[in-house]
Amino acid sequence: MRKLLLVTAAASLAAIGGASSQDATMSFFVTSVGSGKGADLGGLAGADAHCGSLAEAAGITGKTWRAYLSTSDTDARDRIGKGPWFNAKGVKIADDVASLHSDANAITKQTALDEKGEVVNGRGDKPNRHDVLTGSKPDGTKIADQTCGDWTLSGAEGAAMTGHHDRMGLDDSAAAKSWNSSHASRGGCSQEALRSTGGDGLFYCFAVN
């Protein structure tokens, strides 16, 4: 009888542990495609909707998605929920906002996958697509005049701060290795301008729930 009680108790504890375990379904990805209009994403609302439609097409439903983008009055770090976040392969990217913006995050070319679970081209690939739109400083706060008109511009005017999802650049500086704040676009906010410096109008998406 005692043995049966111990087995039952162990089973109950296992069930509780399973119920409280983290949901490792995809809650982070790099968009496989941008808007097609450079940094004109239709503002934050348009960018969020793009995240949601890509996730749904990939079979992930029931989540609220937010683009990791800052604007003139919004910090990207405040838009993305509390974490933890996992990529399409179930690899944890970060536990929370603080670890995401520290050396503790797990963002690399191998883990910063798109919504289909595929690796996004980086430095050395053709074409290079490692410039990811963020408009942010390394701590995830807004950076002045580098959001392409709060993600509404697609011409020769404006600039957008980008990060390197593959953590690689022209040198070994912190900026070159930054996932969210490497350098601004050059030549404006058009698709052509973004591509000329190694981007394609892609951005990060995080599930807030």
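**Strand β6**

I started with strand β6, residues 161–164, in this predicted model. I asked which residues sit on each of its faces. Met 161 and Gly 163 are on one side, and Thr 162 and His 164 are on the other. All four are buried, and both faces of the strand are covered.

Next I looked up the partners of β6. Strand β5, residues 131–133, is joined to β6 by 3 bridges. The two run antiparallel. I noted one pair here: Val 132 has Gly 163 of β6 as its bridge partner. Strand β7, residues 183–184, is joined to β6 by 2 bridges. This pairing is antiparallel too. Met 161 has Ala 184 as its bridge partner in β7.

**Strand β8**

I moved on to β8, which spans residues 199–207. How many of its residues are buried? I found 9 of the 9 buried, so β8 is largely enclosed by the rest of the structure.

I then listed its pairings. β1 pairs with β8 over 3 bridges, in the antiparallel sense. Phe 28 stands opposite Phe 206 of β8. β2 is joined to β8 by 3 bridges, and these strands run antiparallel. Ala 67 has Cys 205 as its bridge partner in β8. β5 is joined to β8 by 3 bridges as well, but these two run parallel. Asp 131 has Gly 199 as its bridge partner in β8.

I put the two β5 entries side by side. β5 runs antiparallel to β6 and parallel to β8.

**Helix α2**

I took α2, residues 43–57, next. The helix has 15 residues. I checked its reach from first C-alpha to last and got 21 Å. That is close to the 21 Å expected at 1.5 Å a residue.

Which residues of α2 are buried? My list has Gly 43, Leu 44, Ala 47, Asp 48, His 50, Cys 51, Leu 54 and Ala 55. I also looked at what covers them. The cover includes β1 (28–30), β2 (65–67), α4 (148–151) and β8. Just after the helix, I noted Gly 59, with a positive phi of about 95 degrees.

**His 50**

I singled out His 50, which lies in α2. Is this residue buried or exposed? Its relative accessible area is 18%, and the cut-off for buried is under 20%, so His 50 counts as buried. I set aside its neighbours within four places in sequence and looked up the remaining contacts. They are Thr 31, Val 33, Gly 34 and Phe 203.

**Pockets**

I finished with empty space. The largest pocket holds about 220 Å³. It is lined by 14 residues, and those closest to its centre are His 164, Gly 169, Leu 170, His 183 and Arg 186. I recognised His 164 from β6 and placed His 183 in β7. By class, I have 3 nonpolar, 8 polar and 3 charged residues in this lining.

The second largest pocket has a volume of about 190 Å³. I asked which residues are closest to its centre. Of the 13 that line it, they are Pro 138, Arg 167, Ser 178, Trp 179 and Asn 180. I sorted this lining by class as well: 4 nonpolar, 6 polar and 3 charged.

Conventions. Residues numbered from 1 in each chain as written. Predicted model: local features only at pLDDT ≥ 70, side-chain atom pairs only at ≥ 80, totals over all residues. Heavy atoms only, no water. 1 Å grid on protein atoms, 1.4 Å probe; cavity = no way out; pocket = protein on both sides within 12 Å on 5 of 7 lines; lining within 4 Å. Points joined across faces, edges and corners; volume = space filled by probe spheres on them. Nonpolar A, V, L, I, M, F, W, Y, C, P; charged D, E, K, R; others polar. Buried < 20%, exposed > 50% of the residue type's maximum accessible area, 1.4 Å probe, protein only. Contact = heavy atoms within 4.5 Å. Pairing = 2+ DSSP bridges. Expected span 1.5 Å × (residues − 1).
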